[in-house]
Amino acid sequence: MDGIGHKMVPDGDGLKVVTYNILADAYLAPERYLGVPDHLLDRRWRGPALLKTILKTKGQVICLQEVEAPVFHRFKTKLHDDGYQGVY
């Protein structure tokens with residue numbers, strides 16, 4: 001699995017692990033997703049929407065699958081501002 005970071009767990013609280021398969025850009029062929037509106041497959045829309053969703057989870061550990069290197073580096077930069085560290 002590709003990981004994108006963690007936060008320290010406060011004493012006495014459980015560990016919240018969040019995992020997503022974010023769909024690699026290499027697989028974003030509209031003919032594979034008939035019936036899905038084109039804008040939902042657009043990288044410019046998907047990246048910010050995924051980050052917003054991921055941050056809302058407030059997970060201490062976030063595991064992402066199908067993350068290509070350029071996407072990882074964009075996400076890592078944004079998530080770093082919220083206290084996460086990333087490993088690819």
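Student: Which residues of α3 are buried?
Tutor: This is a predicted model, and in it Val71, Phe72, Phe75 and Leu79 are the buried residues of α3.

Student: Where do they sit, seen down the helix axis?
Tutor: They fall within an arc of 95°, so they line one face of α3. As a rule, an α-helix has 3.6 residues a turn, so residues three or four places apart point the same way.

Student: And which ones are exposed on the other side?
Tutor: Over there you'll find Pro70, Thr77 and His80 exposed.

Student: OK, what about the core. Which residues make up the largest nonpolar one?
Tutor: That core has 12 residues. Among them are Ile22, Leu50, Leu51, Ile54, Val71, Phe72, Phe75, Leu79 and Tyr84.

Student: Which elements give two or more residues to this core?
Tutor: Those are α2 (43-57), β3 (61-65) and α3 (69-80). The most comes from α3, with 4 residues.

Student: Switching topic: how many aromatic pairs are there in the whole structure?
Tutor: The search finds 1. Phe72 pairs with Tyr88 in a tilted arrangement, 5.1 Å centre to centre with 45° between the planes.

Student: Where in the chain are those two?
Tutor: Phe72 is in helix α3 and Tyr88 is in the segment after α3, 16 residues apart, and the pair links distant parts of the chain.

Student: Phe72 first, then: buried or exposed?
Tutor: Buried, with a relative accessible area of 2%.

Student: And Tyr88, buried or exposed?
Tutor: Tyr88 counts as exposed, at 51% relative accessibility. The cut-off for exposed is over 50%.

Terms used:
Residues numbered from 1 in each chain as written. Predicted model: local features only at pLDDT ≥ 70, side-chain atom pairs only at ≥ 80, totals over all residues. Heavy atoms only, no water. Core = buried A, V, L, I, M, F, W, Y, C linked by side-chain atoms within 4.5 Å. Buried < 20%, exposed > 50% of the residue type's maximum accessible area, 1.4 Å probe, protein only. Arc of directions from axis to C-beta. Phe/Tyr/Trp six-rings, centres within 6.5 Å; stacked < 30°, edge-to-face > 60°.
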